[in-house]
Amino acid sequence: MTRTIYINGAYVPESEAKISVMDRGFMFGDAIYEVTAMLDGRLIDNDLHLARFKRSVGEIGIPLPLPIEDIKQVQIELVRRNRMTDGTIYLQASRGVQERNFYPAEGLAPTFVAFTQAAKLDGTPKQIDGVEVALLPDPRWNRRDIKTVMLLGQVLVKCQARAEGFGDVWMHEDGAVTEGGSSTAFIITRDGAVVTRDNSHAILPGCTRKAVLELAEENGLKIEERPIRLDEIAGAAEAFLTSASSFVQPVTRVGDHVIGDGKPGPLTRRLQEIYLAAARSGDKII
């Protein structure tokens, strides 16, 4: 079946989905994106993702391409047309099309693209066995709280991590972890505290992060929102990462440090179960 893509108000076959070479997203990375996961026909944390999308376009002054409720209907229609029950839905809004110029013209209409990517998200080998992550310096710009398409820094560290035999990467600066290449980093201390960096311009405010922290608090777990120091990683009892497509994924090694006994820990497993149960409690859209 040919995949259907949404672009600027039209649903078209993938082979016909085209944008101008003069689009500012292509020329300057002047664009925002968002990704929502779908599990068993249910959109996961979608209201959080759409709220972050609205915030991100606002932070760089791109008009919201459609009202949020209309964007949600685009997501649902793409899922329906592509007959997807498990995978991700990608949204991207660029500032629009004009002759190449650092200064954007007034009144540009944003380019808005959306598409689905079918994938198995639950029960993957990394979720079952955990993942080893490299620990590399953070090469990115200072406004990491805005979900822009400028992902060259993440591409470079992810490729370096893979070349060194790791399954993913956590970045660091000033003696502390910032975040993963496309995820939020967590450790669990020996006394059972769930630790993740507090939101700021240094990290993206993760939607899955927010949902997991709320569930952890509801279930009586101790939470510490603060930087994870590099010198405390070796002593962590457990570690995990969160993202829209990874959900809660155990981390068994960080850089040179094996975490715990090198296997996914019990609190991580509990958070996986709690999160997936909550995700599956929502209404199906297909």
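## A cavity, two pockets and the elements around them

The largest cavity is lined by V177, T178, E179, T184, A185, T196, R197, I203 and I228, and since this is a predicted model, that list, like everything that follows, describes computed coordinates. About 40 Å³ of space lies in this largest cavity, and a search of the whole structure finds one cavity of 30 Å³ or more. Strand β9 gives the most to the lining of the largest cavity, with three residues, while β9 and β10 (184-188) each supply at least two. By class, the lining of the largest cavity comprises four nonpolar, three polar and two charged residues.

From the cavity we turn to the open sheet. Six strands form this sheet in the order β2-β1-β6-β5-β3-β4, and their pairing is antiparallel. Its edge strands are β2 (10-13) and β4, each of which pairs on one side only. Averaged over the sheet, and with direction ignored, neighbouring strands are turned by 25 degrees against each other. In general, the strands of a sheet pair through backbone hydrogen bonds, in either a parallel or an antiparallel manner. Here, strand β1 (residues 4-7) and β6 pair in the antiparallel sense over two bridges, and the bridge partner of I7 in β6 is V113. Helix α2 lies across β3, β4, β5 (87-94) and β6, and runs at about 180 degrees to β3.

Several of these elements return in the lining of the largest pocket, which has a volume of about 830 Å³. This pocket is lined by 40 residues, and those that lie nearest its centre are Y33, K147, G181, S182 and S183. The elements that give two or more residues to this lining are β3 (31-39), α2 (46-59), β6 (111-118), α5 (152-163), β9 (176-180), α6 and β14 (238-243). Sorted by class, the lining of the largest pocket divides into 13 nonpolar, 17 polar and 10 charged residues.

Helix α6 also takes part in a helix-helix contact with α7. Two packed helices are described by the angle between their axes and by the distance between those axes. The axes of α6 (residues 207-218) and α7 (residues 266-279) come within 10 Å and cross at roughly 105 degrees, which makes α6 roughly perpendicular to α7, because a crossing angle of 65 to 115 degrees counts as roughly perpendicular. On the α6 side the contact is made by T208, A211, V212, L215 and A216, and on the α7 side by L271, I274, Y275 and A278. The residues of this contact divide into eight nonpolar, one polar and no charged.

The second largest pocket brings these two helices together with elements met earlier, for β4 (42-44), α2, α6 and α7 each supply at least two residues of its lining. The volume of this second largest pocket is about 380 Å³. Of the 18 residues that line the second largest pocket, L43, I44, D45, N46 and A278 lie nearest its centre, and A278 is also one of the α7 residues that make the contact with α6. The largest share of the lining, four residues, comes from α6. By class, the second largest pocket is lined by eight nonpolar, three polar and seven charged residues. Helices α2 and α6 thus contribute at least two residues to the lining of the second largest pocket, and both are also among the elements that give two or more residues to the lining of the largest pocket.

Conventions. Residues numbered from 1 in each chain as written. Predicted model: local features only at pLDDT ≥ 70, side-chain atom pairs only at ≥ 80, totals over all residues. Heavy atoms only, no water. Axes fitted to C-alpha atoms, helices over the stretch in contact; angles between N-to-C directions. Parallel < 35°, antiparallel > 145°, perpendicular 65-115°, else oblique. Contact = heavy atoms within 4.5 Å. Nonpolar A, V, L, I, M, F, W, Y, C, P; charged D, E, K, R; others polar. 1 Å grid on protein atoms, 1.4 Å probe; cavity = no way out; pocket = protein on both sides within 12 Å on 5 of 7 lines; lining within 4 Å. Points joined across faces, edges and corners; volume = space filled by probe spheres on them. Pairing = 2+ DSSP bridges.
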